[in-house]
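Got your viewer open and a selection box handy? Here is a walk through the model, stop by stop, with a note on what to pick at each one.

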Amino acid sequence: MSAPAISRRAVPVVALGTVSRLEFSLRATALMLLAVSAGGGAVTTALIGAGAVLPTVLMGPAVARVADRYGARGAALCGTVTNIVLYAVLIPVALGARSAWVYWAFSIGFGVARPFVDNAVNILIVETSRAGAIERTNGVLSTGQSLGGIAGPALAGTLFAWLRVSPLFAAIVFAVIALACVLCTAGATRPERTQAREVESSWRLLRANRMTLALSISGCLSNVFAGCYSAVIPLYLLKIVQMPPQVYGANSSIVSVGVVLANAAYLLVVARVPSWRIAAFAGALSGMAMIAMSTTRAVPLLLVCTGVYGIGLGGWNSGTSSALLRSARGPGLHGITTLYRSIVFAGAPLGSGLGALLGSLGPGWGVLVAGAGTAACAVVLATMAGGEAGA
């Protein structure tokens, strides 16, 4: 049995998600480079990173209200226009900026706009896709976003070496393209007047849906351990293993390649295997890869483990996001989708703190705990989701 092809109405949404991820990754790298060139240190760069993530945790209810009132297309329009306005202000500021803190302020502004676009893309995937093609459409979207995540940092670094503000000019071009994609989604479902009997809190709807509850709990915990891994793996590879910097750079790229391969494989099997099962298997795979990393200092084996980790990460992301979109269909789509992202994203800052603690005890221990925890998250998802009727 082959999965249905994505609908023509969903094509602009996939394009929006891809271009938005490219713009985000380019902008995030550019802000870090600009901050460091202006004298910023570790605290500044950490705050810039937090500014890009924390608003997603906090803005869920606001995004859901905008989507309920103006539709997901309206929410996406709000986010993309805000990005364009911020770039128009940031570019002249960056030309004369002497303080790194100005980039932290702008990172918060962009961070506030980000969940409007990201959540809208998830909602629009459901609204513009045929019922049987949600997983396949989301798989294509995940592949495009992965490629955007690979191209963005490389493009930012290349442009920055040529002219320090040129990445911002490229980013505003991509933001305008994203706006054009939003305007092309006019055929998407418009918000309907909510019936009184359907008015329930997003929390209540999420708790009542076993699948979304399983995805939220396992996703938050997974991000805790992903944040831990991200915090300790540079210390482990550069200080303990003493991996050469150029090899470390290649090691980081291998993760992205693994994610793309996983997304391609996901498209091949999604018609035959439920998305949550794919996610559970992939989570266990990435967890075992991290555990293996913590037990060796052989660089070739570490590179192989990194590739396996990237494959597991890609399968987890595609599987959980697709399972969420399918299970959240119907009344409460806006609220459940945005609340889910708030819950899941909240895990990353906690993971960074856990990584800092374990890193002081030994980076290898941090990698081991991150791997064991990630594998445990796969077990949590399989246990909870496996009891869902028809799963």
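A term for later: angles under 35 degrees count as roughly parallel, over 145 as roughly antiparallel, 65 to 115 as roughly perpendicular and the rest as oblique. The angles themselves run from 0 to 180 degrees between N-to-C directions, and the axes are lines fitted to C-alpha atoms, for helices over the stretch in contact.

**Before you click**

This is a predicted model, in which local features need pLDDT of at least 70 and side-chain atom pairs count only at pLDDT 80 or more, while totals for chains, interfaces and linings use all residues. Residues are numbered from 1 along each chain as its sequence is written, and side-chain values use heavy atoms, with hydrogens and water left out.

**Stop 1: the whole chain**

Show the cartoon. You should find 14 helices and zero strands. Helices here are DSSP runs of H or I with at least four residues, strands are runs of E with at least two, and both are numbered from the N terminus. Now colour by accessibility: 51% of the 391 residues count as buried (buried means under 20% relative accessible area, exposed over 50%, partly exposed in between, with a 1.4 Å probe and protein chains only). Among contacts in the chain with a separation of 6 or more, 87% join residues 24 or more positions apart; a contact means heavy atoms within 4.5 Å.

**Stop 2: H8 against H11**

Select residues 210–240 for H8 and 299–327 for H11; they pack at about 155°, with axes 11 Å apart. H8 and H11 are therefore roughly antiparallel to each other. Their contact involves residues including Met211, Leu215, Tyr229 and Leu237 on the H8 side, and Leu302, Tyr309, Trp316 and Leu324 among those on H11. What mix of residues makes up the contact of H8 with H11? It divides into 10 nonpolar, six polar and no charged. For that count, Ala, Val, Leu, Ile, Met, Phe, Trp, Tyr, Cys and Pro are nonpolar, Asp, Glu, Lys and Arg are charged, and the others, Gly among them, are polar.

Look down through the pair and you can check the handedness: H8 passes H11 in a left-handed crossing. Left-handed says that the near helix is turned anticlockwise from the far one by less than a right angle, right-handed that it is turned clockwise.

**Stop 3: H8 against H10**

Keep H8 and add H10, residues 275–293: the angle is about 20° and the axes are 12 Å apart. That makes H8 roughly parallel to H10. H8 passes H10 in a left-handed crossing. Put sticks on Met211, Tyr229, Ile233 and Tyr236 of H8, which meet Trp276, Met290 and Met293 of H10. The contact residues divide into seven nonpolar, no polar and no charged.

**Stop 4: the loop after H8**

Pick Gln242, in the loop between H8 and H9 (245–269). Is Gln242 buried or exposed? At 61% relative accessibility, Gln242 counts as exposed. Check the backbone too: phi of Gln242 is near 60°, a positive value in a residue other than glycine.

**Stop 5: H3, H4 and Asn83**

Go to H3 and H4 (residues 101–128), whose axes come within 8 Å and cross at roughly 145°. H3 passes H4 in a left-handed crossing, and the contact residues divide into 25 nonpolar, six polar and two charged.

Then zoom in on Asn83, which sits in H3 (residues 60–96). Asn83 counts as buried, at 5% relative accessibility. Not counting residues up to four places away in sequence, Asn83 touches Glu23, Arg27, Phe110 and Ala113.

**Stop 6: Ser146 in H5**

Next comes Ser146, in H5 (residues 134–162). Ser146 is buried, with a relative accessible area of 16%. Leaving aside neighbours within four places in sequence, Ser146 is in contact with Val259, Val260 and Asn263. Draw a C-alpha distance to Thr18: the separation from Ser146 is 8.1 Å, though the two are 128 residues apart along the chain.

**Stop 7: the cores**

Finish with the nonpolar cores, sets of buried Ala, Val, Leu, Ile, Met, Phe, Trp, Tyr and Cys residues joined through side-chain atoms within 4.5 Å. The largest has 72 residues, and Leu16, Leu90, Tyr103 and Leu381 have the most contacts inside it. Apart from that one lies another core, of 18 residues, among them Tyr229, Val255, Met293 and Cys305.
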